[in-house]
Amino acid sequence: MNTRAGPGQDAATFNGRRGGASVRAGERSARLVYTVLASEGLAVRAGLRTVTEALAAAGVPEGLCGRVEIAVAEALNNVAEHAYDGAMGPIWLQVGRCRRSGDILCCIADRGRPMPDAGLPAGVLPALDTVLTGLPEGGFGWFLLRALGRGIRYRRAGGVNRLRFRISPEPGEVASVVSTAEPAPQSCHGSTKPVPGRDANDHLVAAMASPGAVCHSPHPARGTGD
Amino acid sequence: MQLLATPAGDTLLVRVDAARIDAAVAIDFKERMRALAEGPWPVVLLDLGKVDFLDSSGLGAVVAVLKHLGPGRRLELAALGPTVAKVFRLTRMDGVFTIHSAVPEALRLRPAV
C-alpha cells in the first residue's frame, strides 16, 4: 500500500462542497489533537488516550470528553476493521474545539477501502426484543457514532476516506477555565478567509492542507483516484 | 487482561482488573470469561469498577458471555463508570442486563474460597 502522506495538496478537494449550516462561518476554534496512528487495536487505544488527555488539559467537561472518546473509538475501529480489513495502514486523526459552541470537531482520514456504496452506514440499533440467543454481539459501532455525532460527513477522494463529525456539549456542560496558554485562535476555516455556508468542521479540513497538519489530504496514490 | 474471580455462594464475582474493554482485548476478554464461566455458579457478577472505557467490541464481548451462560444462568454487572454506563444506556443494553450500582456488600466482604 502506498502510505505517502505529505502535506495535502488538494485542499479544495478536501474542503468539499457539502457543509452543514449549523455553525456560522468565521467561528473560531483551536486544534487540540493532531496525530497519525496505525490501524491496530493498541495504536487506536494510544490515539484515544492522546485525545482524552488533550481534551482534559483544555478543560473539556468530563462527560463530553467521554462521548468524544466513544465516538472517535468507533470511527477508528471501523477504519481498522473495515477500511483496512485488519491490515495495517495509517489513520490520520485531528480533533479541535469550536470556541463559540464548545463543540468538539473530529476528523479521521485513511487510505483503506471506501465505504460500501460510498455512503454512511445507517447505524440502526440491532433488535433487542429477542430471545437470548438472538441478542446482537455487533452492529453497535455506527449506532453509537450516529447517536453521539452531529454533522457526520463522509467523503472519498483521491483514494482517501475522510470522515468528520462534531460532538456537542449537553445543556449545563460548561468547560472549566481555559488556560491562557492555549494556542492562538484559529479560524474554523483555517488560515483562509471564512467561506459562508461551510460546515465548521471545514477548519479541520482546511488545516489539513497547511504545513505540518496531519488530517490533511494525503497525496493521492498513483492511479487510485476514484 | 487480568480477571480476578471469587466464588461466593451461588455467585461467581469476576473483577475486571483493567481500565479498558476495547477492540484490542475484546476477544481475549470473551475467551477468559467463557473459561471462568465453566463453573457451576448460576450467577456471574462482573465488577466493572476499574473499567473506564468500553467500546462496541467490548459490549459485544459482554453480550457474547451472557449468551454463552445460557438461559438458566445470569450475567449481572456492577459498578459501571459514567462512560461505560453511557454505552449501555445508548444501546439500550441497560435493559438486557441487571446492573448494580456497586458490588453488593455481602459479596465484597465474603472471603475467597
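This report describes the interface, the salt bridges, the pockets and the cavity of a two-chain model.

The model is predicted, and local features need pLDDT of at least 70, side-chain atom pairs count only at pLDDT 80 or more, while totals for chains, interfaces and linings use all residues. Residues are numbered from 1 along each chain as its sequence is written, chains are lettered from A and ligands numbered from 1 in the order in which they are written, and side-chain values use heavy atoms, with hydrogens and water left out.

**The interface**

Chain A and chain B each bring 26 residues to their contact, where contact means heavy atoms within 4.5 Å. The size of an interface is often expressed as the accessible area that is lost when the parts come together. Here the buried area is about 2,200 Å², and carbon and sulfur atoms give 66% of that area; buried area is the accessible area (1.4 Å probe) that two parts lose on being put together, summed over both.

Seven residue pairs, both at pLDDT 80 or more, are in polar contact across the interface. A polar contact is a pair of N or O atoms within 3.5 Å; within protein, one must be able to donate a hydrogen and the other to accept it, and residues adjacent in sequence count only if both atoms are side-chain atoms. On the side of chain B that touches chain A, the elements giving two or more residues are α2 (56–69) and α3 (82–90) of chain B. Helices (H or I, at least four residues) and strands (E, at least two) are DSSP runs, numbered from the N terminus. The largest share of that side, eight residues, comes from α2(B). By class, this side of chain B has 13 nonpolar, six polar and seven charged residues. In this scheme Ala, Val, Leu, Ile, Met, Phe, Trp, Tyr, Cys and Pro count as nonpolar, Asp, Glu, Lys and Arg as charged, and the others, Gly among them, as polar.

**Salt bridges**

Over all chains, the whole structure holds 12 salt bridges, each a side-chain nitrogen of Lys or Arg within 4 Å of a carboxyl oxygen of Asp or Glu. Between chain B and chain A the count is four. A:Glu137 pairs with B:Lys67, their closest N and O atoms being 3.0 Å apart. A:Glu170 and A:Arg67 also form a salt bridge, at 3.7 Å from N to O. A:Glu170 lies in the loop between β5 (160–167) and β6 (186–187) of chain A and A:Arg67 in helix α3 (residues 62–83) of chain A, so this pair ties together parts that are 103 residues apart in sequence.

**Pockets and cavity**

On a 1 Å grid over the protein atoms alone, a cavity is a set of points where a 1.4 Å probe fits but cannot get out, and a pocket is an open set with protein on both sides within 12 Å along at least five of seven lines; lining residues have an atom within 4 Å of a point. Grid points are joined across faces, edges and corners, and a volume is the space filled by probe spheres set on the points.

| Space | Volume | Lining by class |
|---|---|---|
| Largest pocket | about 780 Å³ | 20 nonpolar, 14 polar, eight charged residues |
| Second largest pocket | about 490 Å³ | nine nonpolar, five polar, nine charged residues |
| Largest cavity | about 30 Å³ | four nonpolar, two polar, three charged residues |

The largest pocket is lined by 42 residues, and A:Asn77, A:Asn78, A:Val79, A:Glu81 and A:His82 are the closest to its centre. Helix α3(A) gives the most to this lining, with nine residues. In the second largest pocket, α3(A) again gives the most, with seven residues. Its 23 lining residues include A:Glu62, A:Gly66, A:Glu69, B:Asp52 and B:Thr83, which lie nearest its centre.

The count comes to one cavity of 30 Å³ or more. Residues of both chains line the cavity, among them A:Asn77, B:Asp22 and B:Asp55.
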